[in-house]
Amino acid sequence: FQDLFKEEGNDNLPLYLTNIYRFFGLWVSSTGALTLIFTYLTRLGTPLSRALIQSVYLFLLIGATYLLYIYIPSSHFKYLAGAFWVLYVISFWSGIQLNKFDNYRTSGLPKLEGVKISFVPESATRQVGLSNGEYDILPGVDPATALQLQSNEDIQIYQTRNLSYTLLGMNTTREPLNNANVRKAINLLLNRKEIIDGALFGAGVPGGPLSPALATWSMDTSNFDCYSNDIDEAKKLIKSTGINTPIELEILVLPRQDAKDISQVIQQQLNSGGFNIKLANKEIGEFVQDWKNSDFDMFISANGGNPDPDQYFYRTFRTGGSTNVFKYSDTEIDALLDKGRSSTSVSERKSIYDKVQRKLACEGPISHLAYGDLTTAVNKKVKGFEIYATGRLASLISATTVSYTHLRAHETGRNLGCRRQL
């Protein structure tokens, strides 16, 4: 370039090239900005939006590759172009494809030829994809989305009581949460119905230590006196401990919308009974790290349940349990859990776990808040789907699909002409 600039008549060439490169930089920046805006607004939630952006990038890749290999083949940028081609091809296979196994142990199953699992983190994108028929099944639908999808005539909403639950966890090594009466007072201050109505859109029931879906084991919350939402009794309990109020505590909040909504309701409820609650909203990595290290006063989260009480109680409440991040230790609970684990009698285990539930409900390190409805939204062309409280999708093995033509003909009677007009 220096030799070129020295030539007579090339005095303005440096300025010209500078402006050319500035324009090129502006073009690249503008293209990137437009791509980000398009992706943000559409969430790439429809086949059309993805086809458009892939078509544009195909045009750009072809043009860039042609210029590189024809005019500047010695440029190292051609390797970068090759990497972009690899990423572009990969973008067409974003998901997991499960194919039918012809030698399955049960004859005639599975009925579907295959199932594709797509990872779509954005809720709005999932909803759009299900509504336009791109996705067939959307498991784990939140209450707000479920309400919106109910109005779609092409979608069937399946619901069952969930084994998992929302909770307020307490670190029993932090004062004054090491006092059982303070933990009981917190339970007395919680209005679980208000939490369900205000944060979960009414989709749930007040939660005890075990889900109502476990009819053999769970106890009705009416058996727990601390579920009475008695604010005066809560204040008396706190006063009896000699602890000065307001009690300053911080709640670590799971970065999920329902947890955030629940935390705000609980903050108001506890503040009305002698607490001064602050909320700590952190990203998921920080939340998990603080949870693992028991670095919290209290936290609001969601937890998965189990069909058998031992699978949940032992790891959570036994001294030294694998998920006992609350540092909870109680010799009576330990003895009961050991006995329940070794017994083979259903009636004896029922009696044991009833005692465990009564003690944990009011004095344990967890305030069980609500068991929500487990909701799965399914396109009506999918037949034979069943929902399970465990969240498993095992019914897909016997599910089938029908065409929209058949579906519409069935729903509108035998008038296919009417279907065509719709």
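**Salt bridges and spaces in a predicted model**

Asp338 forms a salt bridge with Arg318, and the closest N and O atoms of the two residues are 3.1 Å apart. The pair links distant parts of the chain, since Asp338 belongs to helix 13 (residues 331-342) while Arg318 sits in the loop between helix 12 and helix 13, 20 residues apart. Asp338 is partly exposed, with a relative accessible area of 31%. The structure described here is a predicted model, and it holds 17 salt bridges.

A second example is the salt bridge between Arg349 and Asp308, whose closest N and O atoms are 2.9 Å apart. Arg349 lies in helix 14 (residues 346-363) and Asp308 in the loop between strand 9 and helix 12 (309-317), so this salt bridge ties together parts that are 41 residues apart in sequence. Arg349 has a relative accessibility of 12% and therefore counts as buried, the limit for that class being under 20%.

Another salt bridge joins Asp197 and Lys193, with 2.7 Å between the closest N and O atoms. Both residues lie in helix 8 (residues 192-199), where they are 4 residues apart, about one turn of the helix. Asp197 is partly exposed, at 40% relative accessible area, whereas Lys193 is exposed, at 56%. Salt bridges may also be joined into a network: Asp330, Glu332, Lys359 and Glu363 are linked in this way.

The discussion now turns to empty space. Such space is revealed by rolling a probe the size of a water molecule over the atoms. The second largest pocket contains about 840 Å³ of space. It is lined by 35 residues, of which Gly140, Val141, Asp142, Pro143 and Asp258 are the closest to its centre. Among the elements that give two or more residues to this lining are helix 5 (123-131), helix 6 (143-149), helix 10 (257-271) and strand 10 (366-379). Strand 10 gives the most, with 6 residues. By class, the lining of this pocket has 16 nonpolar, 13 polar and 6 charged residues.

A cavity, unlike a pocket, is a space from which the probe cannot get out. The count comes to 1 cavity of 30 Å³ or more. The largest cavity has a volume of about 50 Å³. Its lining consists of Leu163, Tyr165, Pro209, Leu210, Ser211, Leu214, Gly305, Asn306, Tyr312 and Tyr371. These lining residues divide into 7 nonpolar and 3 polar, with no charged residues.

Definitions and conventions:
Residues are numbered from 1 along each chain as its sequence is written. This is a predicted model: local features need pLDDT of at least 70, side-chain atom pairs count only at pLDDT 80 or more; totals for chains, interfaces and linings use all residues. Side-chain values use heavy atoms; hydrogens and water are left out. On a 1 Å grid over the protein atoms alone, a cavity is a set of points where a 1.4 Å probe fits but cannot get out, and a pocket is an open set with protein on both sides within 12 Å along at least five of seven lines; lining residues have an atom within 4 Å of a point. Grid points are joined across faces, edges and corners, and a volume is the space filled by probe spheres set on the points. Ala, Val, Leu, Ile, Met, Phe, Trp, Tyr, Cys and Pro count as nonpolar, Asp, Glu, Lys and Arg as charged, and the others, Gly among them, as polar. A salt bridge is a side-chain nitrogen of Lys or Arg within 4 Å of a carboxyl oxygen of Asp or Glu. Buried means under 20% relative accessible area, exposed over 50%, partly exposed in between (1.4 Å probe, protein chains only).
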